[in-house]
Structures are given as structure tokens and as C-alpha cells.
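Below is a walk through one structure, moving from a whole chain to a single residue and then to a helix in another chain.

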Amino acid sequence: MSTLSISNLKVSIEDKEILKGVNLVVKSGEVHAIMGPNGTGKSTLASALMGHPKYEVTEGEVSLDGEDLLALEVDERARAGLFLAMQYPAEVPGVTNSDFMRSALKAKNEGTQVPLFEFIGKYEKAAKELKMREDLPHRYLNEGFSGGEKKRNEILQLKMLKPKFAVLDEIDSGLDIDALKVVGENVNDMVNKDFGCILITHYQRILDHIKPTFVHIMIDGKIVLTGGQELIEKIDQNGYEWVREELGIDFVETEQA
Amino acid sequence: MNSLVIKDHSISGNLPEGITFSDQTLKIAKNKYFEDPIKITLKDDNNESLEIIVGESSEVKIILEIASVDLEKNIYDLKLTAKQNSKVKYLLVCDLASKDAVLNHYFTAERDANMDLIGGFVSNVITAKMNAKLIGEGANVNLRAVGISSKDNKQTIDIEIVHAAPNSTGMMHNIAIANANGKVVLNGVEKILKGMKNANAYQSLKGIIASDEAIIEVNPILLIDEYDVKAGHGATIGKLDENSLYYLMSRGLDKKVAERLMINGFLNPIISEIDDEPLRERFVELVNQRL
């Protein structure tokens with residue numbers, strides 16, 4: 001069992017403070033949904049955890065099973081067991097999906113190449129489960145992919161790499177109802193005693209397919225409220241205004257579950 | 001595949017039927033179709049010249065490898081002529097250790113000839129010229145040059161297509177990659193002479209700088225002396241896209257591996273056209289030695 005621990009995380013971008021002290025502990029087997037209006041820092045949390053060079057951590061700690069993640073480079077964080085499914089995955093011309101995936105698996109296995117035959121079998125199976133096009137391995141990484149294909153490709157990589165923790169940054173936005181179901185079910189199937197997940201979203205639909213263990217509401221760079229699935233219903237009915245009203249505009253201590 | 005080695009102006013290897021060699025000229029008879037590529041290696045032989053003539057309506061794939069570990073001055077004069085209605089796919093790999101190499105390569109496309117040309121430059125210090133002249137109506141040349149320089153390499157490559165016939169098409173796509181303190185200069189020129197109506201010219205030059213000390217110069221030039229033509233060009237130089245690098249690294253690839261993957265990806269559209277698998281692998285290896 002693994003633990004991802006975030007404490008008092010403050011993050012700035014171009015000297016503007018976006019995250020103002022985030023606390024969160026995620027354990028294997030748990031799904032934490034982070035919800036909140038646009039522009040409150042949800043995606044900043046995702047990028048800062050992965051180590052995007054534009055985001056500057058000014059205070060706080062993040063550790064994965066005791067290892068200080070913030071001291072690691074982006075690739076080292078990945079190899080330590082963190083995965084970020086990106087909101088806007090890059091397109092990389094000329095690099096095929098299969099070449100890329102094999103390189104990533106090799107990096108994960110500390111330089112040992114997965115036998116080609118075994119790789120193809122696993123890759124094709126995972127792609128099929130995500131209902132992706134059969135020529136996927138030979139297509140260039142995300143190049144010319146539709147929005148939905150890109151999101152599914154993120155989940156495909158997640159399934160292949162089997163990290164300890166994944167942050168899914170708005171994996172549901174822009175997906176049609178069928179794709180949403182496919183993505184949701186595939187992620188849900190992954191959750192087990194060796195895998196935990198932070199699901200960042202501002203819609204509720206994905207949560208029909210992935211049942212979160214905890215629901216956090218983030219406003220203005222902080223997690224202001226933590227609860228269970230009842231919060232989803234409440235947001236669905238009333239939006240986020242009630243959170244502000246109920247909690248007041250003052251600072252509210254985050255309750256850790 | 002047919003492999004021929006030319007050393008000291010004489011040839012070894014079995015010449016396939018329809019191909020003759022004399023006076024440093026390799027002739028391919030007309031109306032011949034060769035399914036397998038013909039690979040010619042010019043071995044450790046500076047001051048070399050070679051002319052290849054592809055006969056009328058013949059179809060052939062030719063790979064010319066020039067490899068030498070000689071550090072002295074090297075001069076190569078090469079010619080490739082595609083006779084009427086012939087189809088030629090041609091790959092030149094230029095891997096010279098010389099500290100002062102000069103390579104002049106002339107191409108001629110006659111009426112309705114189709115030439116698909118790739119020049120791969122992984123030499124030390126070289127001044128190279130690839131000049132293609134379209135002398136017959138309906139001639140079509142697609143020329144791609146790739147130069148990869150690393151530590152102390154300096155490669156200057158002039159790529160020129162001259163439209164000396166109406167209804168001719170000339171495309172060039174050239175790529176420069178420089179690592180360490182390497183330098184690549186790409187001069188791309190497309191010339192359309194007066195009266196060559198309905199000529200179609202396009203050129204693109206791309207440079208990727210993989211280190212802070214690397215230097216790339218690209219000069220795209222169109223010289224057009226006729227109104228009724230289509231022509232376009234573009235040139236870009238840049239570092240590897242940071243967002244893509246971040247994306248690849250976020251999957252566990254260290255920076256070097258990610259950069260290498262991206263640069264190979266950049267070359268992939270050209271490399272994937274190399275028909276000969278062992279040569280393609282060798283070319284990829286030569287490229288990667290410089291990354």
C-alpha cells in the first residue's frame with residue numbers, strides 16, 4: 001500500500017500565487033475527486049505535482065511513500081509512481097504511439113525492454129478495451145487525434161504504465177457520452193489496493209462511472225470542504241455558490257479524512 | 001538487393017542484367033524495372049567521380065553510400081541523370097570523416113522523369129551541393145536533404161532546384177539538426193527561368209537546435225523569372241518543443257531519451273522512406289550517435 005501526501009502546498013505561476021496551502025493525503029485504493037469552479041487552482045495542483053517547469057512551488061511538501069517528490073525531476077516523479085493524465089496532451093509528430101509506449105515502459109522497468117510480442121499483446125488489448133482505432137500503434141503520438149481520442153490515449157498509457165497514483169486532470173471534459181462511459185469504466189476497473197487516484201473535474205457526469213471515496217471542493221487555491229458522495233449531489237443541484245455562503249469568505253481549515 | 005562496391009574506379013559485385021559500368025559511369029538500360037534497390041558503396045576513395053544514367057522509362061531505386069575514414073581533403077563529383085519518363089528513387093548517405101570534404105552532386109531530370117531524392121549528411125566538415133535541373137516538360141523532382149552535426153562538425157549544404165522546362169515540379173524539404181557545438185548551414189534555392197510557365201516550386205527548411213552552442217543557418221531563396229507559376233517557401237529554426245518534452249518526461253523518459261525520440265520523430269517522415277532496412281537502421285544509428 002502506498003501513500004501520496006501533500007501538505008501546505010503553495011504554488012505560484014509568474015509570481016502569482018495560485019495554490020495557497022493545499023493539504024491532501026491519498027492512499028492506494030482510494031479515489032479522491034477534486035471539484036470546484038474554473039480557475040480555482042485544480043489544474044495547477046495537477047501540474048505542480050508532476051513538476052511542470054512553469055509552476056513554482058514556494059512552500060509545502062509532497063511525498064510519495066516518504067520520498068520527497070518535489071526534489072525530483074519530472075521523469076523521476078513518473079518513475080517513482082506518479083502519473084498525470086493531462087487536460088491538453090501534447091502532439092508529438094513523427095513519434096509513433098507504440099515506440100513512445102515501449103520507451104516509457106523501458107524507462108519504468110529500469111532500462112529493461114519489454115519483449116515485443118508481449119508488448120503488442122498488452123497494448124492491443126488495452127486499446128481494444130478503450131475502443132480505440134486499430135491503427136493506433138502506428139499513428140503519431142496524439143497528432144491529429146480528436147479531443148476524445150487524446151483523452152482515451154491518456155487512459156491507455158495509464159493502463160500500460162500502472163503507476164501507484166494517477167492524477168486525472170479533467171479527463172472528462174469534451175467527451176461525448178459513450179467515450180465518457182468507456183473512460184470512466186476503464187479508470188474504475190483500475191482502482192485496486194495498489195492504485196489510488198485524484199480525479200479533477202468540474203462536471204459531475206464522470207462520477208456516475210467512477211465512485212469517489214472522498215470529494216473535495218477547491219476554491220481560491222485551497223480545499224475548503226471535504227466529504228463523501230453527498231457533496232456531488234449538492235453541487236449538482238446548487239452549483240458552488242452555497243459553498244461560499246455556507247463557509248463564508250473567510251479562511252476555512254481543511255478537514256482531512 | 002544488389003550490392004556493388006566501387007573502389008579505385010573499378011567495380012566489384014555482380015552487375016545485374018541491364019546495368020553496365022565503364023569510365024566511371026554506371027548505365028541503366030531503358031525500359032528496365034528493378035524491384036530491389038541497387039546499393040552502391042564508394043569506398044575510401046577520394047577524388048572520386050561517378051555518373052549514373054537511368055535509361056528511358058526505367059524504374060529503379062538506388063542507394064549510394066559514401067563512407068570514408070580518411071581525414072584528408074576529399075572531393076567527390078557525382079551526377080545522376082534520369083532519362084525521359086524514368087522513375088528514380090535515390091538515397092545518398094554521406095558519412096565522411098574528412099576535415100575538408102567537398103561534394104558536388106548534379107541531378108538532371110528529363111521530360112516526364114520522376115526523381116525522388118534524399119541526401120543524408122553525417123559528415124565531419126563538408127561543403128556539399130545538390131543541384132537538380134529540370135530540363136524536360138513534366139519533370140518532377142522531390143528533394144530532401146538532412147544534415148546532422150555534432151561536436152566540431154560543420155556542414156554546409158546548398159540545395160538548388162532549377163526549373164528549365166515548363167510544367168515542371170520541384171519540391172524540397174530540408175532539415176538541419178545541430179547538437180553540441182555543431183553547425184549546419186542550409187541554403188535552399190529554387191529557380192524558375194523565364195518562360196517556364198506552370199512550373200510548381202516549393203521549399204521548406206527546418207532547423208532544430210539541440211544544444212545552446214549549436215548553430216544553424218537556413219537561407220530560403222526563390223528566384224522566379226516567370227509570372228505563370230506556383231511557388232512557396234517556409235523556414236523555421238527552433239529548439240525542441242518544451243511542452244512535448246514535458247509530456248514525454250511525464251511518462252518516465254529521461255530528458256536525453258525524450259529529446260532523442262523527438263528528433264527521430266522529426267526525421268521519421270524521411271527515414272521511413274528509406275527502402276533498405278539495414279541501411280535505414282545504419283542511418284538511424286549514425287544520426288543517433290550525434291544526439
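What percentage of the 291 residues in chain B do buried residues make up? In this predicted model, the buried share of chain B is 46%. The cut-off for calling a residue buried is 20 or more other C-beta atoms within 10 Å of its own.

Chain B is built from three helices and 19 strands. Its radius of gyration is 19 Å, close to the 19 Å that the globule rule gives for 291 residues, so chain B is as compact as a globular protein of that length. The C-alpha trace of chain B spans about 55 × 50 × 35 Å along its principal axes. Of the contacts in chain B with a separation of 6 or more, 79% are between residues 24 or more positions apart.

Asn140(B) serves as a local example. This residue belongs to strand E13 of chain B, which covers residues 140-149. With 19 other C-beta atoms within 10 Å, Asn140(B) is partly exposed; the buried class begins at 20. Leaving aside residues up to four places away in sequence, Asn140(B) touches Asn114(B) and Thr169(B). The C-alpha atom of Asn140(B) is also 6.2 Å from that of Ala113(B), although the two residues are 27 residues apart along the chain.

Chain A offers a helix to examine. Helix H1 of chain A runs over residues 42-50, and nine of its nine residues are buried, so this helix is largely enclosed by the rest of the structure. Among the buried residues of H1(A) are Lys42(A), Ser43(A), Leu45(A) and Met50(A). Just after H1(A) comes Gly51(A), which takes a positive phi of about 100°.

Notes: Residues numbered from 1 in each chain as written. Chains lettered and ligands numbered in written order. Predicted model: local features only at pLDDT ≥ 70, side-chain atom pairs only at ≥ 80, totals over all residues. Helix = DSSP H or I, 4+ residues; strand = E, 2+ residues; numbered from the N terminus. Rg over C-alpha atoms; globule rule 2.2 N^0.38 Å. Buried ≥ 20, exposed ≤ 12 C-beta atoms within 10 Å, placed from the backbone. Contact = placed C-beta atoms within 7 Å.
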